[in-house]
Amino acid sequence: MVTNLLQIKNLVKHYPSVKAVNGININLPTGICFGLLGPNGAGKTTTIEILEGINDATSGEILYKGKPLGDQFRKEAGIMFQTTALQDYITVRETLEMFAKLYPKHVDLDVLIKRCDLTEYIEQDNRELSGGQRQRLLLAVALVNDPDIIFLDEPTTGLDPQARRNFWNLINDIKAEGKTIILTTHYMDEAYTLCDEIAIMDHGKIIAQGTPKALLEETFNDVILQLPEIELNRLDLSFFTTQDRNGYVEITTHDVNEVIAILIEENISLSNLQIRPRTLDDLFLELTGKELRV
């Protein structure tokens, strides 16, 4: 039976000039990847810091396995911060050994090294690691105590597409073991791929929550047709709902056949036509009016 590993009840964090978190309620079941999304200043970083135990709430309650955050949570939580300073002049192996000593129990380091694909770099100085290698090491540090709940704060920012995909595979493997993951990210494709459930924050409140698919279906019942702007210069676009985007025109429609029929009638080339479903980027803009920025 699925149980709530983490319960957040009416969480509030007020600063003198701003209400950063303004009454959040979340029940987080065991064994899912939960994405917390929001534009800059939405309150998600403050929320995550409170959940991680490194910031205090003004009011509200957080329960881990039915109890307030305490020693058990600190022993069973793994955290991969957005920015982490690694000790210079020590190797990857020495780094993992150092962090393992901070916990009463830890995983087999050789298994962890293999799992996070660090074998080739295990005796390398931390200063010499590439971006992708560094992120895999930081993930290994977050996993060193065999945590039940793992916080990943924008873990793939700055990675190239291949490194990001490799990192996604690692996260999916972790989730398959029944671990619970709380993920923040500015990449909507990452959230859609990894998250079983997402919550979108703005102005300190959760404005939407559910599975990515369900939220998209609840919000939209149309699709987007995309054509190069230059091919539509002579067409009267006032008939359509459109948006210009990077040299392309996006036409929003409930009836693809009708739009295509008009384009054909006007002798518009369809060779570069693309049709796409709505995405989490569209949802985010629809709900917040803001673009996510890395």
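Start by selecting helix 10, residues 280-288, in this predicted model, and colour Leu 280, Asp 282, Leu 283, Phe 284 and Thr 288, which are the residues to look at here since they are buried. If you then display the surroundings, you will find that the buried residues of helix 10 pack against strand 3 (33-37), helix 7 (188-194), strand 9 (197-202), strand 10 (205-210), helix 8 (212-219) and strand 14. Before leaving this region, step past the end of the helix to Gly 289, which follows helix 10 and has a positive phi, near 70°.

Now zoom out to the whole chain, which has 10 helices and 14 strands and whose C-alpha atoms fill a box of roughly 70 × 45 × 40 Å along the principal axes. Of the 294 residues in the chain, 47% are buried, and, among contacts between residues at least 6 apart in sequence, 69% join residues at least 24 apart.

Next, select Leu 183, which lies in strand 8, residues 180-184. Is Leu 183 buried or exposed? Its relative accessibility is 1%, and Leu 183 therefore counts as buried, the cut-off being under 20%. Showing its contacts, and leaving out residues up to four places away in sequence, brings up Cys 33, Phe 34, Gly 35 and Leu 36, together with Leu 152, Pro 155, Glu 190, Leu 194 and Cys 195. For a sense of distance, draw a line from the C-alpha atom of Leu 183 to that of Leu 139, a residue 44 places apart from it along the chain, and the separation will read 13 Å.

Leu 139 leads on to helix 5 (residues 131-143), which should be selected together with helix 6 (residues 161-176), as the axes of the two come within 11 Å and cross at roughly 15°. Helix 5 and helix 6 are therefore roughly parallel to each other, and helix 5 passes helix 6 in a right-handed crossing. Which residues meet here? From helix 5 come Gln 135, Arg 136, Leu 139 and Leu 143, and from helix 6 come Phe 167, Leu 170 and Ile 174. By class, the residues of this contact divide into 5 nonpolar, 1 polar and 1 charged.

Keep helix 5 on screen and add helix 3 (92-100), whose axis comes within 9 Å of that of helix 5, with a crossing of roughly 25°. That angle makes helix 3 roughly parallel to helix 5, and helix 3 passes helix 5 in a right-handed crossing. The contact is made by Val 92, Thr 95, Leu 96 and Phe 99 of helix 3 and by Leu 137, Ala 140 and Val 141 of helix 5. The residues of this contact divide into 6 nonpolar, 1 polar and no charged.

With Leu 137 still in view, display its contacts beyond the neighbours within four places in sequence, and you will see Leu 86, Val 92, Thr 95, Leu 96, Leu 118, Asn 126 and Leu 129. Then select the largest nonpolar core, which holds 45 residues and in which Leu 96, Leu 112, Leu 118, Leu 137, Leu 139 and Leu 152 touch the most other members. Helix 5 gives the most to this core, with 7 residues. Apart from it lies another core, of 25 residues, among them Ile 24, Ile 26, Ala 42 and Ile 50.

Move next to Gly 23, which is found in strand 2, residues 18-29, and which is partly exposed, with a relative accessible area of 28%. Not counting residues up to four places away in sequence, Gly 23 touches Asn 10, Leu 11 and Val 12. The C-alpha atom of Phe 73, which is 50 residues apart from Gly 23 along the chain, is separated from that of Gly 23 by 22 Å.

The last stops concern the backbone. Most residues other than glycine have a negative phi. Against that background, select Tyr 89, which has a positive phi of about 70° although it is not a glycine. Tyr 89 sits in the loop between strand 6 (77-80) and helix 3, and at 63% relative accessibility Tyr 89 counts as exposed. Finally, select Asn 267, which has a positive phi of about 60° and is likewise not a glycine. Where is Asn 267? Its place is in the loop between helix 9 (256-265) and strand 14 (274-276), where Asn 267 is exposed, with a relative accessible area of 64%.

Methods:
Residues are numbered from 1 along each chain as its sequence is written. This is a predicted model: local features need pLDDT of at least 70, side-chain atom pairs count only at pLDDT 80 or more; totals for chains, interfaces and linings use all residues. Side-chain values use heavy atoms; hydrogens and water are left out. Axes are lines fitted to C-alpha atoms, for helices over the stretch in contact, and angles run from 0 to 180 degrees between N-to-C directions. Helices (H or I, at least four residues) and strands (E, at least two) are DSSP runs, numbered from the N terminus. Angles under 35 degrees count as roughly parallel, over 145 as roughly antiparallel, 65 to 115 as roughly perpendicular and the rest as oblique. A crossing is left-handed if the near helix is turned anticlockwise from the far one by less than a right angle, and right-handed if clockwise. Contact means heavy atoms within 4.5 Å. Ala, Val, Leu, Ile, Met, Phe, Trp, Tyr, Cys and Pro count as nonpolar, Asp, Glu, Lys and Arg as charged, and the others, Gly among them, as polar. A nonpolar core is a set of buried Ala, Val, Leu, Ile, Met, Phe, Trp, Tyr and Cys residues joined through side-chain atoms within 4.5 Å. Buried means under 20% relative accessible area, exposed over 50%, partly exposed in between (1.4 Å probe, protein chains only).
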